[in-house]
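Here are some comments to read alongside the model, set out as numbered points. They deal with side-chain contacts and with part of the surface.

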Amino acid sequence: MDFTSSRLFNSLLYFLVGIAWGCTNPFIKRAEEKLNSSSHGRDKQVVQSQTLASRLMVSVMNPAMWIPYGMNQCGSLIFWFLSAREPVQRAAPVCNTLAFIFTAATAHLVLGEEVRRPLIFYAGVLLVGTGVFVILALE
């Protein structure tokens, strides 16, 4: 692979990690909220007596929880591969920043969460995206 295609491939990996981490976070959060809200109707003593193992088992049996979690972990595998190809000082901040952008976009566009200050939201996404572009362009 020549330098240009390797650089393009690494940039694609950055975006895949950002998408895998960012797009799954709102779905994991929503599944956890549903799990917690379903336990609010029960007796408080029963909920407190639930062990970590029983809560984990309920989460594992819930596809709304483990499907996004599995996709999130696939992003971690891609990050592991990427960190072997790129310096971690660049890979970690870029992937985490892209994950924040994709989390915000997924929560707003797909799940319909309200944006309190749209102008600040879009300006922030634009500035952060520009920063990621500059970092990747100045490799």
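**Notes on a predicted model**

1. R90 is partly exposed, with a relative accessibility of 22%, and in this predicted model its side chain meets that of E86 in a salt bridge, with 3.1 Å from N to O. E86, by contrast, counts as buried, because its relative accessibility of 8% falls under the 20% cut-off. A search of the whole structure finds one salt bridge, and the pairing fits the general rule that side chains of opposite charge can pair when their charged atoms come close.

2. Three aromatic pairs are found when the whole structure is searched. One of them joins F9 and F81 edge-to-face, with the ring centres 6.4 Å apart and 80 degrees between the planes. Since F9 belongs to helix α1 (residues 3-39) and F81 to helix α4 (residues 63-85), this pair ties together parts that are 72 residues apart in sequence. Both rings belong to partly exposed residues, F9 having a relative accessible area of 28% and F81 a relative accessibility of 40%.

3. The pair formed by F121 and Y122 is also edge-to-face, because its planes stand at 75 degrees, with the centres 4.9 Å apart; an angle over 60 degrees is what that label requires. Y122 counts as partly exposed at 45% relative accessibility.

4. On the surface, L56, M57, V60 and M61 make up a nonpolar patch whose accessible area together is about 430 Å². Within this patch, L56 is placed in helix α3, which covers residues 52-60, and L56 is exposed, because its relative accessible area of 53% is over the 50% cut-off.

Note on methods
Residues are numbered from 1 along each chain as its sequence is written. This is a predicted model: local features need pLDDT of at least 70, side-chain atom pairs count only at pLDDT 80 or more; totals for chains, interfaces and linings use all residues. Side-chain values use heavy atoms; hydrogens and water are left out. Patches are made of residues with over 30% relative accessible area and no salt bridge: like charges are joined within 9 Å, nonpolar side chains (Val, Leu, Ile, Met, Phe, Trp, Tyr) within 5 Å. Accessible areas come from the Shrake-Rupley method with a 1.4 Å probe; for residues, only the protein chains shown count as cover. A salt bridge is a side-chain nitrogen of Lys or Arg within 4 Å of a carboxyl oxygen of Asp or Glu. Helices (H or I, at least four residues) and strands (E, at least two) are DSSP runs, numbered from the N terminus. Buried means under 20% relative accessible area, exposed over 50%, partly exposed in between (1.4 Å probe, protein chains only). Rings of Phe, Tyr and Trp (its six-membered ring) pair if their centres lie within 6.5 Å; planes under 30 degrees apart count as stacked, over 60 as edge-to-face and the rest as tilted.
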